[in-house]
Amino acid sequence: MWDENKVLEMLKDMPPVLTDENLLEIQKLIDDNKYWNSKELNRDLCGIYAPFCRICDKTVLTPCAVAFVRMKIAEGMRLQMENVSSEIAQPNLPEEVQSEPEEEIVREEVPQEETTAEEPAENKKIRIGIGYKRH
């Protein structure tokens with residue numbers, strides 16, 4: 001499935017500071033390979049194709065290439081990207097989780113209101129829905 005060797009061979013001929021053009025070449029190679037594998041398996045492999053998919057940032061022009069290079073930098077390869085940060089972005093978590101490290105989260109106890117026997121309980125309905133995970 002994922003053939004890292006082709007991309008590594010391409011990286012040998014590229015400068016240590018990758019330009020947008022270099023990233024486009026890497027992206028094209030990864031996209032071509034991913035396309036043919038997706039066609040063979042009869043499903044879209046975006047997001048599950050290679051190990052770097054879990055750190056993918058779809059907000060950049062060349063998401064696969066940037067994720068691959070970030071993975072290689074994390075593994076110790078001496079590379080940089082000219083116009084893109086080399087830092088691995090946090091996965092898509094709710095903002096409150098991203099902004100506060102886990103050990104700093106403080107939970108407040110909310111006192112429950114006392115109800116008198118004279119007040120009727122509200123008729124509350126519960127709605128249950130089923131969600132499906134998108135691949």
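Is Y35 buried, partly exposed or exposed? With a relative accessible area of 44%, Y35 is partly exposed, because that value falls between the limits of 20% and 50%. I shall return to this residue after an overview. Please keep in mind throughout that the model before us is a predicted one.

Good morning. Let me begin with the protein as a whole. Its secondary structure consists of four helices and two strands. Read from the N terminus, these elements follow the order α-β-α-α-β-α. The protein has 135 residues, and 27% of them are buried. If we take the contacts with a separation of 6 or more, 50% of them are between residues 24 or more positions apart.

I turn next to the interior. The largest nonpolar core has 25 residues, and those that touch the most other members are W2, L23, I26, I30, F52, F68 and V69. Helices α1, α2 and α3 each supply at least two residues of this core. Which helix gives the most? The answer is α3, with seven residues.

One of these core residues, W2, deserves a closer look. Setting aside neighbours within four places in sequence, W2 is in contact with V7, I30, Y49, A50, P51, F52 and F68.

How do α2 and α3 lie with respect to one another? Their axes come within 7 Å and cross at roughly 105°. The two helices are therefore roughly perpendicular, since angles from 65 to 115 degrees are classed in that way. On the α2 side, the residues that meet α3 are L23, I26, Q27, I30, D31 and K34. Their counterparts in α3 are P63, C64, A65, V66, F68 and V69.

Let us now consider the aromatic rings. How many aromatic pairs are there? The count comes to two. In one of them, the ring centres of Y35 and W36 are 5.0 Å apart and the planes stand at 75°, so this pair is edge-to-face. Y35, as I said at the start, is partly exposed at 44%. W36 has 54% relative accessibility and therefore counts as exposed, the limit being over 50%.

In the other pair, the rings of F52 and F68 have centres 5.7 Å apart and planes at 80°, so this pair is edge-to-face as well. This pair links distant parts of the chain, as F52 lies in the loop between α2 and α3 while F68 belongs to helix α3, 16 residues apart. Both F52 and F68 are buried.

Finally, I should like to discuss two residues of helix α2, which spans residues 20-41. N33 lies in this helix, and K34 has its place there too. Why does N33 count as buried? Its relative accessibility is 14%, and buried means under 20%. K34, at 11% relative accessibility, also counts as buried.

Beyond its neighbours within four places in sequence, N33 is in contact with M1, D3, K6 and Y49. N33 and M1 are 32 residues apart in sequence, yet their C-alpha atoms are 8.4 Å apart in space. The side chain of N33 also makes a polar contact with the side chain of N37, at 2.6 Å.

For K34, again leaving aside neighbours within four places, the contacts are L45, C46, Y49 and C64. Y49 thus appears among the contacts of N33, of K34 and of W2.

Thank you for your attention.

How values were computed. Residues numbered from 1 in each chain as written. Predicted model: local features only at pLDDT ≥ 70, side-chain atom pairs only at ≥ 80, totals over all residues. Heavy atoms only, no water. Buried < 20%, exposed > 50% of the residue type's maximum accessible area, 1.4 Å probe, protein only. Contact = heavy atoms within 4.5 Å. Polar contact = N/O pair within 3.5 Å; in protein donor to acceptor, adjacent residues only side chain to side chain. Core = buried A, V, L, I, M, F, W, Y, C linked by side-chain atoms within 4.5 Å. Phe/Tyr/Trp six-rings, centres within 6.5 Å; stacked < 30°, edge-to-face > 60°. Axes fitted to C-alpha atoms, helices over the stretch in contact; angles between N-to-C directions. Parallel < 35°, antiparallel > 145°, perpendicular 65-115°, else oblique.
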